[in-house]
Amino acid sequence: MRREDLDQNDLSNRSGVFYQDVLSGLREPMKRLPSKYFYDAAGDLLFQKIMRCPEYYLTRCEEEIFRDKAGELLEHLLQANRQVDLIELGAGDASKTQHLIGEMLQQQIHFTYRPIDISPHVLEQLGDRMRTAFPTIDLQAFQGDYFDGLADMATTGALPKVVLFLGANLGNMTRQQAAQFCVRLRSLLHTGDRVLLGIDLMKNPRIIQAAYADEAGLTWQFNMNLLRRMNKELGADFNEELFEHYCQYDPVSGTCSSYLVSLLDHVVHFPDEQVLFEKDELIHMEVSQKYRFEETQALARASGFMPVHAVADKRNWFVDVIWEAC
Ligand SMILES: C[S@@+](CC[C@H](N)C(=O)[O-])C[C@H]1O[C@@H](n2cnc3c(N)ncnc32)[C@H](O)[C@@H]1O
């Protein structure tokens, strides 16, 4: 796309944070793209398909926990509180959260549900889903980054907080980023507030590897969609035929890393920048960190929380841990 083809909207995109983040990632010696930009409307839809694909066990494990153990989760999240702010970070379509909300309404708990998500499209879907299932729900969504939403809520709500962070979202950070995230999360809570984190556990490496390289190629498409998004929103000219998706799980470190591999030497143009790719050069797209259960307890204590309860699925593949801010 030439400069004169850009309309005003394109120009504001190019000065925006998406453009800046993309370029700074692509200028690094090991190129990378932030995975939070996967989620435009097409990315949301692809992720919902991934959640239902046979290899992606994570959603089914956590769904089982929320469906079968909502009462147990609630008991440990609420303690004696009958009135709370229920905040959900990266809520997505909140398909699992529905079970907990149903249980809260049944137990006549008073709460405002406050989902935070970077994707405006998924928040619309979530609103429709929740208002259809629970017409009386008090729902106040925040569109934006986790901590912008949480900071906003920290200043407004005086009620005890219950914060949900499901779907192994914490795993989309390196161990170091996750530790910093938990410290920051703690700094925005009061003593006694509780959090629930969905964490994917280490297991047979073949099972994990398959979850991020599904047969139907949905994860491949999910990654390619970010190239399409940069073409559409930032005027880039990525050719997805010149990349392939590759993912590798290291069972020793528990890190699953996802990449796009350039198949040829070539140049990608943005309206006022160009990026050179060598044949076989990688773009790091996403990390999916797996944990041992004991590590999650150490993480809680190191960041100012006390681990108070945990519920795993029947196979012990996935755990929802509950921590109290102390
Ligand atoms: C892996 S999905 C999980 C969705 C949901 N929690 C679940 O368990 O099904 C990640 C969600 O977090 C959102 N997200 C990713 N990075 C974010 C960020 N930095 N701030 C806010 N939302 C973010 C995405 O838009 C997406 O809906």
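**Note on the ligand site, the two sheets and three loop residues**

1. In this predicted model, the ligand is surrounded by 17 residues, and the closest of them are Gly90, Lys96, Asp117, Asp145 and Tyr146. Sorted by class, this shell consists of seven nonpolar, six polar and four charged residues, so a reader who goes through the site in the viewer will meet each of these classes.

2. Three of the closest residues can be followed down to single atom pairs. Gly90 takes part through its backbone, where an N or O atom lies 2.7 Å from a nitrogen atom of the ligand. Asp117 takes part through its side chain, in which an N or O atom is 2.5 Å from an oxygen atom of the ligand. For Asp145, a polar side-chain atom lies 2.9 Å from a nitrogen atom of the ligand. The ligand on its own has 590 Å² of accessible area, and the protein covers 94% of that area.

3. The next points turn to the strands. As background, the strands of a sheet pair through backbone hydrogen bonds, and they do so either parallel or antiparallel. One sheet of this model is open and has seven strands in the order S3-S2-S1-S4-S5-S12-S11, with mixed pairing. Its edge strands are S3 (142-143) and S11, each of which pairs on one side only.

4. Where does S12 stand in relation to S5 and S11? In the order of the sheet, S12 comes between S5 and S11, and its pairing with each can be described in turn. Strand S5, which covers residues 194-200, runs antiparallel to S12 and is joined to it by seven bridges. Within this pair, Gly198 has Asp320 of S12 as its bridge partner, while Asp200 stands opposite Phe318 in S12. On the other side, S11 and S12 also pair in the antiparallel sense over seven bridges, and here His309 stands opposite Ile322 in S12.

5. Is S12 enclosed by the rest of the structure or left open? Eight of the eight residues of S12 are buried, so the strand is largely enclosed by the rest of the structure. Both of its faces are covered, as one can check residue by residue: Phe318, Asp320, Ile322 and Glu324 are buried on one side, and Val319, Val321, Trp323 and Ala325 are buried on the other. The buried residues of S12 thus include Asp320 and Glu324 as well as Ile322 and Val321.

6. S11 and S12 form a hairpin, with five residues between the two strands. Asn316 belongs to this turn, in the loop between strand S11 (305-312) and strand S12 (318-325). Although Asn316 is not a glycine, its phi is positive, at about 65°.

7. A further open sheet has three strands in the order S6-S7-S10, and its pairing is antiparallel. S6 and strand S10 (282-289) stand at the edges with a single partner strand each, so one side of each is left without a neighbour in the sheet. Averaged over the sheet and with direction ignored, neighbouring strands are turned by 20° against each other.

8. Strand S7 (residues 255-262) pairs with S10 in the antiparallel sense over seven bridges. In this pairing, Tyr259 has His284 of S10 as its bridge partner, and Leu260 stands opposite Ile283 in S10. Although S10 is an edge strand, six of its eight residues are buried, so it is largely enclosed by the rest of the structure. An edge position within a sheet should therefore not be read here as a lack of cover from the rest of the structure.

9. Two other loop residues deserve a look. Gln79 lies in the loop between helix H5 (70-78) and strand S1 (83-89), and its phi is near 50°, which is a positive value in a residue other than glycine. With a relative accessibility of 41%, Gln79 counts as partly exposed.

10. Asn239 lies in the loop between helix H11 (218-234) and strand S6 (243-250). Why does Asn239 count as partly exposed? Its relative accessible area is 35%, and the class covers values between the limits of 20% and 50%. A polar atom in the side chain of Asn239 lies 2.9 Å from the backbone nitrogen of Glu241. Asn239 and Arg131 are 108 residues apart along the chain, and their C-alpha atoms are separated by 41 Å.

Methods: Residues numbered from 1 in each chain as written. Predicted model: local features only at pLDDT ≥ 70, side-chain atom pairs only at ≥ 80, totals over all residues. Heavy atoms only, no water. Near = heavy atom within 4 Å. Polar contact = N/O pair within 3.5 Å; in protein donor to acceptor, adjacent residues only side chain to side chain. Areas by Shrake-Rupley, 256 points an atom, 1.4 Å probe, with all protein chains shown as cover. Helix = DSSP H or I, 4+ residues; strand = E, 2+ residues; numbered from the N terminus. Buried < 20%, exposed > 50% of the residue type's maximum accessible area, 1.4 Å probe, protein only. Pairing = 2+ DSSP bridges. Axes fitted to C-alpha atoms, helices over the stretch in contact; angles between N-to-C directions.
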